[in-house]
Every structure is written in structure tokens, then in C-alpha cells.
Amino acid sequence: EEERMSEREGSVGGEKDPYHPLSPKHKLPSSDDNTNTEGGIGGGSSKHVSRDASFADLNINSNSNSSTVTKPTTVTRDSSVDTFNFDARKKPQSTLPPLSTNIIKNLSDKTYDKRRLGAMEVEILIKESQAVNDTEQISQIIVYITQNFLFSSAVNRRKGGLIAFAAIAIGLGSETHKYINLLVPPVLKCFKNVDDRIRFYACEALYNVSHIARGKILVYFNEIFDGLCRLYADKEPLVQNGAHQLDGLMKGIVTESESFDIERFIPSLKERIKVTNPFVRGFLLNWIRVLNSVPDIDLIDYLPQFLDGIFRMLSDHSADIRRDATNVLAEFLAEIQNLCKKIHLEKQDKKNNNNSNSSDSTTISLNPNSNNNNNNNDANNNSNSEAEEEEGNSGIEFGKMIKIIIPFCSVNDRL
């Protein structure tokens, strides 16, 4: 009996313990939930963080080489997933959970190292299923982790589920986009969690998913953008640091993408531009400048829809916000001036061509018949009236901008 007991103790607490933390060679700094050393990004405040500062080091398995992305394919959203009603999905034929007891126990543990160990086991399981093209098994794993971890009332289970989601994305690699409708909506819901560490882990999970999916993540860009607005207004430095890292990644994805839907994004920008939080205002101004710098995006066409919000930022209490708003307005003003010059030159060239054509026709048609001259005069008059009408129409394009600008101008400026 003593031998059996010693063997049992050795398998649980000794070197054969499957839940034993990582060896010192690979072990991260202590991240016990009861201490102030659990994982953080970008340093943050010393109250929360002592881990390394970049999301680039947050891969569950540093040896996995799954960041390579294949040729972009079309990804569509699944509206049934956006409601987070996973109970309506097809249940697995087997009543057994798709994860082993050891993985479930590790993901539910209170220490970060064991949760990380459980996530590494999930990554291995995903790769094994992917190797045999078992897409149903992969979907069942994602849905099971969503239901039993991300939406659990236990804080440690939610943390373990988010780390597991990051591991799933790494395990799927270039095929992450096939499961993006299962991965993204549950993580976005965690942005609203009351626990600051859950919100941080949600940033970490979405960073990993977005980093691998790249342009295919843009089908959820508006939802991610709204979530980032919320996180930028967060009072916790840990969460703000996570949001900054995710925001930088999304800017890079948008600028390199050829399929960004600016028309779908503008209503979201128009809604958010009226906020008064200085952190969110800075976030919005940065995005406006980034989008305006992309050659394939003509943001000036949508300027009247959010111009009033930029003018309101000129009265912000923060000098940085006032400076950034002024710079953004100066960029748009220069762009409008260049556009006006271009239009003016085009119209001038058109007038010159019309005048030259009319003079040629008058010279050629010198004959006793005066009807030709009358016809030429009528044609010139029509062309001039059309040019004047075009000039009037071109001014209407800036009518909305003028109405927006006037309330912010002094009396002299209005005149």
C-alpha cells in the first residue's frame, strides 16, 4: 500500500506530474493570480505587470511557425455566431467533452503557468485534428471552450479559455480564417467584462487571431474598432497597453489591405467622433490620419460626415488633442485646395478647347450664308452656360462643409 501511495504521489507531484510548471529553461516569470506579476503587455503599471512588453512574445508556443499567411481568400461573416448563441449549434454526437481531463484541469488552474501549459496541449490537439482534416473536431473544441470557459462564471476559467483561443489560432495557422466566425465574436464579448485582466487577455487573444488571419479579420473591423474605443477609455493601464498593441496591429492590417470597406466604416466613425474622452479622441484622430494616408482610400469624400467632430476637438482641454485636431484639419484643407486647383485647371483647359474649336469653325465657314455663324454663336453660348452650371455644381459639393464650419468661426471669418 505504501508503494502504491508513493507511486501515486510521484505521478502527481513529482517529475512525472503532467501539471508541473515549465522547466526553468522555458519558464516565464511568476504569474500567480494572487500576486502582481501576472502577464502584462507593454510594461503597464507595476501594480499589474512584470512580464515582457510586447504582444510579439505572447505566442503560446514560440517554436510554432504558423504566422505565414497564404493567398487571401474571401471570408464572410456568420450572423448566427454574432449573437453568441452557441447552444443552437449542432451538438457533438458523443457526450464526452472534446478535451481531456488534464487539459480542462490545467486551463482552469489559478496559476498562469498551468493555464499556459493547458493551452499548449490545446494547440497540439488542434494540429493533430488539422493533420487529418477533422474540421468537425476543431469546431467542437472551439465551441466547447467558448461555452465552458469564456462564458464561465469562474474568472480563472475565462482566463484559461482566452489563452486557449490564442493557442487555437496558432495551431490553425493559415487556416484560422475558416473558423473566424467562431473565434472572434466570443472574444469581443470579453471586452466588456468587469474584470480588467479578462479584458487584457481578450486583447491578447484577438491579437493572436488577427496577427495570423491578417486581412481576413477585416470582416469584423467595425466591431473591433468599437471595442478598441471602449478599451482606450479604460481606466486600467494594463488594459490600455493591450489596446495599444492591438490597435497598432489593426492599423498595419488596414494599410496593407486592398479590401478595406471604407463605406461600411464611416457610420461607425461618425457615431464615435462626438465622444469627449481625450483618449478616445486621440485614438480617432490617429485613425483618420492613417486612413487619409492610404492611396486607395478617398477619405475626403466622406469628410462632411465627421468634420464637425474634429472642429469640436479644437476646444478640448488637452493641448495634445487640440494640436492633433489642428494638424488633421490642415491636412484636409491642403487636400481641398489642391483639389480645387485641379478642378479649376481642368475647366480652364475645357474652355480653351471650346474657344479654339469655335474660332476654327468660324474661319472655315466664311461664306455669305449667315446661318452658320448664328449656329456657332449659339453653340458657344450653350457651352459657356454649361461651364457656368458646372462651376455652380462644384460649389455645392462643399456646401455641407461650409455649413459645418460657420458655427465655429468668428464674425469676421464668417464674412
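**Entry 1: Glu331 and its partner**

I began with Glu331, which in this predicted model comes out as partly exposed, with a relative accessible area of 31%. I then looked for a charged partner and found Arg289, with which Glu331 forms a salt bridge whose closest N and O atoms are 2.5 Å apart. The two residues belong to distant parts of the chain, since Glu331 is in helix 14 and Arg289 in helix 12, 42 residues apart. I also looked up the accessibility of Arg289, and at 31% this residue likewise counts as partly exposed.

**Entry 2: Asp316 and Arg281**

Next I turned to Asp316, which forms a salt bridge with Arg281, and I noted 2.6 Å between the closest N and O atoms. Asp316 lies in the loop between helix 13 (307-312) and helix 14 (319-364), while Arg281 lies in helix 12 (residues 278-293), so the pair ties together parts that are 35 residues apart in sequence. Is this pair buried or exposed? Asp316 has a relative accessibility of 7% and counts as buried, and Arg281, at 8%, counts as buried too. Both values fall under the 20% limit that I use for the word buried.

**Entry 3: Arg264 and Glu223, and the count of salt bridges**

A further salt bridge that I looked up joins Arg264 to Glu223, with the closest N and O atoms 3.7 Å apart. Arg264 lies in helix 11 (residues 262-272) and Glu223 in helix 9 (residues 221-232), so this pair ties together parts that are 41 residues apart in sequence. Arg264 has a relative accessibility of 32% and counts as partly exposed, and Glu223, with a relative accessible area of 28%, is also partly exposed. For the structure as a whole I noted a count of 11 salt bridges. I also recorded a network of salt bridges that links Asp320, Arg323 and Asp324.

**Entry 4: the nonpolar core**

I then left the charged residues and asked which residues have the most contacts inside the largest nonpolar core. That core has 95 residues, and those with the most contacts inside it are Leu99, Ile145, Ile168, Ile217, Met250 and Phe306. Helix 8 gives the most to this core, with 11 residues. In soluble globular proteins, nonpolar side chains tend to be buried together.

I followed Leu99 in particular, and, leaving aside residues up to four places away in sequence, I found that Leu99 touches Ile104, Leu107, Val122, Leu125, Ile141, Tyr144 and Ile145.

**Entry 5: Leu206 in helix 8**

Leu206 is found in helix 8 (residues 196-213), and I looked up its accessibility, which is 0%, so that Leu206 is buried. Beyond residues up to four places away in sequence, Leu206 touches Val184, Val187, Leu188, Phe191, Ile224 and Leu246. I also checked the spacing between Leu206 and Ile217, which are 11 residues apart in sequence and 9.8 Å apart in space, taken from C-alpha to C-alpha.

**Entry 6: Ser129 in helix 4**

For a polar residue I chose Ser129, which lies in helix 4 (residues 112-131). Ser129 is buried, with a relative accessible area of 6%, and its contacts, not counting residues up to four places away in sequence, are with Asp134, Gln137 and Ile138.

**Entry 7: rings, and charges over rings**

How many aromatic pairs does the structure hold? I noted 11 aromatic pairs, and I found that ring pairs link Phe221, Phe225, Tyr232, Phe260, Phe265, Phe283 and Trp287 into a cluster. I then looked for charges placed over rings, and recorded Arg157 over the face of Phe149, at 4.6 Å from the ring centre. In a further case, the charged end of Lys189 sits over the ring of Phe151, 4.7 Å from its centre.

**Entry 8: the protein as a whole**

I closed with the overall figures, beginning with the secondary structure, for which I noted 17 helices and 0 strands. The protein has 415 residues, of which 43% count as buried. When I took the contacts between residues at least 6 apart in sequence, 71% of these joined residues at least 24 apart. The accessible surface comes to about 22300 Å², and carbon and sulfur atoms account for 49% of that area.

Note on methods: Residues numbered from 1 in each chain as written. Predicted model: local features only at pLDDT ≥ 70, side-chain atom pairs only at ≥ 80, totals over all residues. Heavy atoms only, no water. Helix = DSSP H or I, 4+ residues; strand = E, 2+ residues; numbered from the N terminus. Buried < 20%, exposed > 50% of the residue type's maximum accessible area, 1.4 Å probe, protein only. Contact = heavy atoms within 4.5 Å. Areas by Shrake-Rupley, 256 points an atom, 1.4 Å probe, with all protein chains shown as cover. Phe/Tyr/Trp six-rings, centres within 6.5 Å; stacked < 30°, edge-to-face > 60°. Lys NZ or Arg CZ within 6 Å of the ring centre and 35° of its normal. Core = buried A, V, L, I, M, F, W, Y, C linked by side-chain atoms within 4.5 Å. Salt bridge = Lys/Arg side-chain N within 4 Å of Asp/Glu carboxyl O.
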